[in-house]
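Trainee: Could you take me closely through one part of this chain, the last pair of strands, and then place that part in the wider fold? I would like to know what surrounds it and how its residues meet their neighbours.

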Amino acid sequence: PDGKSIAYLSDAPAPRKPEAGKEGEGGDDEEEEEEISQVWLMPAAGGTMTRITDVFNDARQPMWSPDGRTIAFFAYRDGGYDIWAINPDGTNQRKLTWGPYDDREPIFSHDGTHIAFSSDRGNVLGSDYNIWTLDLRSGELKQITKNTSEDFMPSWSPDDSEIVFATSRDNYESLWAMNVRSMGDRRVRSVKGARLDAPSWGPDGQIVYHVTASGQTRYEIDG
């Protein structure tokens, strides 16, 4: 948040378990080595790169907390994707969500008290993604959207009253927002014949989003 450090992802070989009866033997040279993604930090001005997550977490999408004290990410471990957090110095790596679900795309509210994320945990068959929030003070999970569509890629409004998200509603041609207080939703933007995703709500109220149409991609600004 202060612009001094960059959190990013880099792949590294996954740790291997020795096969029974093959301890000490050379591996198969033709076997492709599995790689997993890990969170690294480096100074924005350049310098030493430091891995902060352990080698057992296949990490994705690191996101800074507003106060710069925490980095949230989602990672595949123990058979599923969960939301995790870690201190920037690599200490206190901890899991924030549990269960046989697919929890993805965490993003902090601007006041730092909540994380919004997408998850299939609202459907017993695990087929529909919706937007959820996690209260970091109490640990309470709250389902924000309850649509039969796929709702994903959340982003908080500047005052944390709404969450904008990409969705399969309208054949992926629109962005929607949900008011987390009144629980009312609204269509924010539509582009006929295009796919909209990756919305990001800026501090001045404008929303930047990604558009794919006719085999080309671009970014647009709404507001």
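**The β17–β18 hairpin and its surroundings**

Mentor: Histidine 210 belongs to strand β17, and it is a convenient place to begin in this predicted model. Because its relative accessible area is 15%, under the limit of 20%, histidine 210 counts as buried. Beyond the neighbours within four places in sequence, histidine 210 contacts Arg195, Leu196, Asp197 and Ala198, and also Thr217, Arg218 and Tyr219. Valine 208 is placed in the same strand, β17, which covers residues 207–213. Valine 208 has 33% relative accessibility and is therefore partly exposed. Together with Tyr219 and Ile221, Val208 makes a nonpolar surface patch of about 320 Å².

Next comes the pairing of the two strands. β17 and β18 run antiparallel and are joined by seven bridges. One of these pairings sets alanine 213 against glutamine 216 of β18. Two residues lie between the strands of this hairpin, and serine 214 adopts a positive phi near 55° there.

The charged residues of this region deserve separate attention. As a rule, side chains of opposite charge can pair when their charged atoms come close. Here Arg189, Arg218, Glu220 and Asp222 are connected in a network of salt bridges. Within it, arginine 218 bridges to glutamate 220, with 2.7 Å between the closest N and O atoms. Arginine 189 also forms a salt bridge with glutamate 220, and for this pair the closest N and O atoms are 3.8 Å apart. This second pair joins distant parts of the chain, since arginine 189 sits in strand β15 (residues 185–190) and glutamate 220 in strand β18 (residues 216–222), 31 residues apart. The partners can be described by their accessibility as well. Glutamate 220, at 18% relative accessibility, is classed as buried. Arginine 189 is partly exposed, its relative accessible area being 28%, and arginine 218 is likewise partly exposed, at 36%.

The strand also contributes to the interior. The largest nonpolar core has 14 residues, of which Val164, Leu175, Val188, Ala194, Leu196, Ile207 and Tyr209 touch the most other members. At least two residues of this core come from each of β13 (162–167), β14 (174–179), β16 (195–201) and β17. The largest share, four residues, is supplied by β17. Valine 164 shows how one core member is surrounded: setting aside its neighbours within four places in sequence, it contacts Met153, Pro154, Ser155, Leu175, Trp176, Ala177, Val188, Pro199, Trp201 and Ile207. Another core lies apart from this one; it has 11 residues, including Ala72, Ile83, Phe117 and Trp132.

Elsewhere in the chain, alanine 85 offers a second buried position to examine. Alanine 85 is part of strand β6, residues 80–86. Its relative accessibility of 2% is the reason why alanine 85 counts as buried. With neighbours within four places in sequence left out, alanine 85 is in contact with Thr70, Ile71, Ala72, Phe73, Asn92, Gln93, Arg94 and Leu96. Alanine 75 lies 10 residues from alanine 85 in sequence, and their C-alpha atoms are 9.9 Å apart in space.

A further salt bridge provides a counterpart to those of the hairpin. Aspartate 103 pairs with arginine 121, and their closest N and O atoms are 2.7 Å apart. This pair, too, links distant parts of the chain: aspartate 103 is in strand β8 (residues 103–108), while arginine 121 is in the loop between β9 (114–119) and β10 (130–135), 18 residues apart. Aspartate 103 and arginine 121 are both buried.

Finally, the chain as a whole gives the setting for these details. It contains 18 strands and zero helices. The chain has 223 residues, 44% of which count as buried. Its exposed area is about 12200 Å², with carbon and sulfur atoms supplying 48%. Among contacts with a separation of 6 or more, 31% are between residues 24 or more positions apart. The structure holds 16 salt bridges.

Key: Residues numbered from 1 in each chain as written. Predicted model: local features only at pLDDT ≥ 70, side-chain atom pairs only at ≥ 80, totals over all residues. Heavy atoms only, no water. Patch = residues over 30% accessible without salt bridge, like charges linked within 9 Å, V, L, I, M, F, W, Y side chains within 5 Å. Areas by Shrake-Rupley, 256 points an atom, 1.4 Å probe, with all protein chains shown as cover. Salt bridge = Lys/Arg side-chain N within 4 Å of Asp/Glu carboxyl O. Buried < 20%, exposed > 50% of the residue type's maximum accessible area, 1.4 Å probe, protein only. Contact = heavy atoms within 4.5 Å. Core = buried A, V, L, I, M, F, W, Y, C linked by side-chain atoms within 4.5 Å. Pairing = 2+ DSSP bridges.
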